[in-house]
Amino acid sequence: VNVMRDGVIGEPQCSYVPPRGDGTAGVNYRRWAGVGGGAVSQMLTHNNYINNPPDVAEVFEIFESPTNVCNQCGTEMDAWFIPPVDGDYIFQIAADDNAHLWFGTDLDTAMTAPEIAAVPGWTSSRQWTKYGEQQSAPQALTAGSWYFIRAIANEGGGGDNLAVGVLEPEGGQALQPIPVMLDGHTYLRTFQHGFVSCTLAW
């Protein structure tokens with residue numbers, strides 16, 4: 001896209017910034033306005049989500065979005081999850097409207113596999129058991145390893161929320177939602193996506 005200023009056409013100069021896990025404690029939160037419908041598929045194929053940066057981008061200290069802040073919007077949250085002990089972990093998702101939760105050893109593995117949990121309709125904030133699909137099958141994890149986790153929710157109208165929880169192995173805690181840090185352990189670390197950075201040369 002060229003832009004004219006004072007009769008001179010600017011030429012874009014772009015470079016690709018590759019993805020990286022930077023190790024910072026936190027969970028990424030991103031929100032796009034103007035995403036219609038309420039289905040996850042409608043968000044994933046929407047031009048605004050695919051081609052534009054988010055309208056809001058922040059890093060939070062808990063795996064939960066702000067509640068009741070928008071209509072016709074899509075929300076995405078992701079991080080690297082680091083389990084404190086070996087064992088089977090059950091992940092949970094609550095959201096309004098439809099939502100999916102992906103999980104894997106890395107970004108590509110997580111996002112090319114079926115979601116591990118979902119909200120097929122809508123739930124109230126932190127309502128973890130409205131649908132059976134909200135609970136994942138047990139995930140066998142290794143202490144200290146990094147696992148990529150992403151949640152997406154598409155909001156049509158009315159209330160909106162998104163939160164991800166986890167049930168630790170037997171004898172552990174129910175973290176609902178997952179905190180970034182608890183009892184000296186860091187559960188979530190941020191991840192920077194690859195993106196194209198452009199400036200105009202005149």
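The largest cavity in this predicted model holds about 70 Å³ of space. Of the 14 residues lining that cavity, S65, T75, D96, D160 and N161 come closest to its centre. Three elements each give two or more residues to the lining, namely β5 (73-81), β10 (147-155) and β11 (161-167). Strand β10 gives the most, with three residues. Sorted by chemical character, the lining has seven nonpolar residues, four polar ones and three charged ones. With a threshold of 30 Å³ or more, the count of cavities in the model comes to one. As a reminder of what such a search does, rolling a probe the size of a water molecule over the atoms shows where empty space is left.

It helps to place this cavity in the context of the whole chain. The secondary structure comprises three helices and 16 strands. Of the 202 residues in the protein chain, 43% are buried. The accessible surface comes to about 9700 Å², and carbon and sulfur atoms account for 52% of that area. Among contacts between residues at least 6 apart in sequence, 76% join residues that are at least 24 apart.

The salt bridges offer some good examples of links between distant parts of the chain. Five salt bridges are counted in the model. One of them pairs R30 with E76, with the closest N and O atoms 2.8 Å apart. This pair spans 46 residues of sequence, running from strand β3 (residues 27-33) to strand β5. Both partners are shielded from solvent by the criterion used here: R30 counts as buried because its relative accessibility, 9%, is under the 20% cut-off, and E76 is likewise buried because its relative accessible area is 4%.

R30 has a further partner in D78, and here the N to O distance is 2.4 Å. Once again strands β3 and β5 are linked, with R30 and D78 lying 48 residues apart. D78 is buried, as is R30.

E76, in turn, forms a salt bridge with R150, the closest N and O atoms being 3.9 Å apart. Since E76 belongs to strand β5 and R150 to strand β10, this pair ties together parts of the chain that are 74 residues apart in sequence. E76 and R150 are both buried. Taken together, R30, E76, D78 and R150 form a linked network of salt bridges. Strands β5 and β10, which hold E76 and R150, are also among the elements that give two or more residues to the cavity lining.

The backbone has a few features worth a look as well. The peptide bond from D96 to D97 is cis, with omega near 5°; D97 sits in the loop between β6 (87-96) and β7 (99-104). D96 has already appeared among the residues closest to the centre of the largest cavity. Another cis peptide bond runs from Q176 to P177, with omega near 0°, and P177 is found in the loop between β12 (174-175) and β13 (181-182).

Positive phi values in residues other than glycine also deserve a mention. For N68, phi is near 55°, and this residue lies in the loop between β4 (56-60) and β5. N68 counts as exposed because its relative accessibility of 54% is over the 50% cut-off. R126 is not a glycine either, yet its phi is positive at about 60°. The loop between β8 (117-119) and β9 (139-141) contains R126, which is partly exposed, with a relative accessible area of 40%.

Terms used: Residues numbered from 1 in each chain as written. Predicted model: local features only at pLDDT ≥ 70, side-chain atom pairs only at ≥ 80, totals over all residues. Heavy atoms only, no water. 1 Å grid on protein atoms, 1.4 Å probe; cavity = no way out; pocket = protein on both sides within 12 Å on 5 of 7 lines; lining within 4 Å. Points joined across faces, edges and corners; volume = space filled by probe spheres on them. Helix = DSSP H or I, 4+ residues; strand = E, 2+ residues; numbered from the N terminus. Nonpolar A, V, L, I, M, F, W, Y, C, P; charged D, E, K, R; others polar. Salt bridge = Lys/Arg side-chain N within 4 Å of Asp/Glu carboxyl O. Buried < 20%, exposed > 50% of the residue type's maximum accessible area, 1.4 Å probe, protein only. Contact = heavy atoms within 4.5 Å. Areas by Shrake-Rupley, 256 points an atom, 1.4 Å probe, with all protein chains shown as cover.
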